[in-house]
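Subject: Structure handover and what was found in it

Dear colleague,

Please find the structure below, handed over for your own inspection. After it I set out what was found, going from the chain as a whole to single residues.

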Amino acid sequence: MANLEEEVTEPRPAGAPPKAYVVRVSGELDMHHVDEVRSSLLSAITEAPLGAEVIIDLTYSSFCDSSGLNALLTARQRAAELGRTLRLGAPSHQMLRLMEITDTVGLFAMVPVRQDGEPDL
């Protein structure tokens with residue numbers, strides 16, 4: 001099952017760009033959980049301020065099928081439409097392989113995730 005935990009970092013001083021919004025996904029991104037994942041991702045993207053970076057932390061996501069990849073592509077498109085940046089954090093080897101096979105790996109910016117579970121910005 002996909003569990004989503006949204007974390008919004010503290011606001012920065014006036015004039016500084018907004019900090020990242022981190023959406024943590026755990027479990028499987030598959031056809032059984034894709035509606036929940038897509039809904040949560042789109043909500044986080046919509047709620048993030050203009051220019052914010054939204055990071056989808058995939059450290060604890062164990063599997064992704066084509067429906068999960070489609071949800072990520074939908075989120076990427078929506079982020080671009082709303083002026084947000086979307087990055088994937090720590091995608092699994094299996095997910096990277098799926099993106100290579102489908103020629104979508106170049107569509108996503110990646111960000112490493114530190115050992116303490118925080119994005120390495």
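**Findings**

D103 is placed in the loop between α3 and β5. This residue has a positive phi of about 55° although it is not a glycine, and with a relative accessibility of 67%, above the 50% cut-off, D103 counts as exposed. Please keep in mind, here and throughout, that this is a predicted model.

The loop between α3 and β5 (109-111) also holds V105, which at 31% relative accessibility counts as partly exposed. Leaving aside residues up to four places away in sequence, V105 touches L96, M99, E100 and M110. The C-alpha atoms of V105 and M95 lie 9.3 Å apart in space, with the two residues 10 apart in sequence.

A positive phi of about 55° is also found at A90, although A90 is not a glycine. A90 belongs to the loop between β4 and α3, and its relative accessible area of 28% makes it partly exposed.

Turning to the chain as a whole, there are 3 helices and 5 strands, and from the N terminus on these elements follow one another in the order β-β-α-β-α-β-α-β. The chain has 121 residues, of which 40% count as buried. Among the contacts in the chain with a separation of 6 or more, 71% are accounted for by residues 24 or more positions apart.

One pair that is distant in sequence involves Y21, whose place is in strand β2: Y21 and V54 are 33 residues apart in sequence, yet 4.7 Å apart in space from C-alpha to C-alpha. With a relative accessible area of 12%, which falls under the 20% cut-off, Y21 is buried.

How do the helices α1 and α2 pack, in terms of angle and of the distance between their axes? Helix α1 (residues 34-47) and helix α2 (residues 66-81) pack at an angle of about 15°, and their axes are 9 Å apart. Since angles under 35 degrees count as roughly parallel, α1 is therefore roughly parallel to α2. The crossing in which α1 passes α2 is right-handed. On the side of α1, the contact is made by V34, R38, L41, L42, I45 and T46, while α2 contributes S67, G68, N70, A71, L72, T74, A75, R78 and A79. By class, the residues of this contact between α1 and α2 divide into 8 nonpolar, 5 polar and 2 charged.

L72, one of the α2 residues in that contact, also appears in the largest nonpolar core. In soluble globular proteins, nonpolar side chains tend to be buried together. The largest nonpolar core has 24 residues, and those that touch the most other members are L29, I56, L72, L86 and L88. Two or more residues each are given to this core by β2 (21-29), α1, β3 (53-64), α2, β4 (85-89) and α3 (93-101). Not counting residues up to four places away in sequence, L72 touches L29, L41, I56, L88, M95 and F108. L41 is itself one of the α1 residues that make the contact with α2.

With L72 as a starting point, you can follow both the contact of α1 with α2 and the largest nonpolar core on the displayed model.

Kind regards

Terms used. Residues numbered from 1 in each chain as written. Predicted model: local features only at pLDDT ≥ 70, side-chain atom pairs only at ≥ 80, totals over all residues. Heavy atoms only, no water. Axes fitted to C-alpha atoms, helices over the stretch in contact; angles between N-to-C directions. Helix = DSSP H or I, 4+ residues; strand = E, 2+ residues; numbered from the N terminus. Parallel < 35°, antiparallel > 145°, perpendicular 65-115°, else oblique. Left-handed = near helix turned anticlockwise from the far one by under 90°. Contact = heavy atoms within 4.5 Å. Nonpolar A, V, L, I, M, F, W, Y, C, P; charged D, E, K, R; others polar. Core = buried A, V, L, I, M, F, W, Y, C linked by side-chain atoms within 4.5 Å. Buried < 20%, exposed > 50% of the residue type's maximum accessible area, 1.4 Å probe, protein only.
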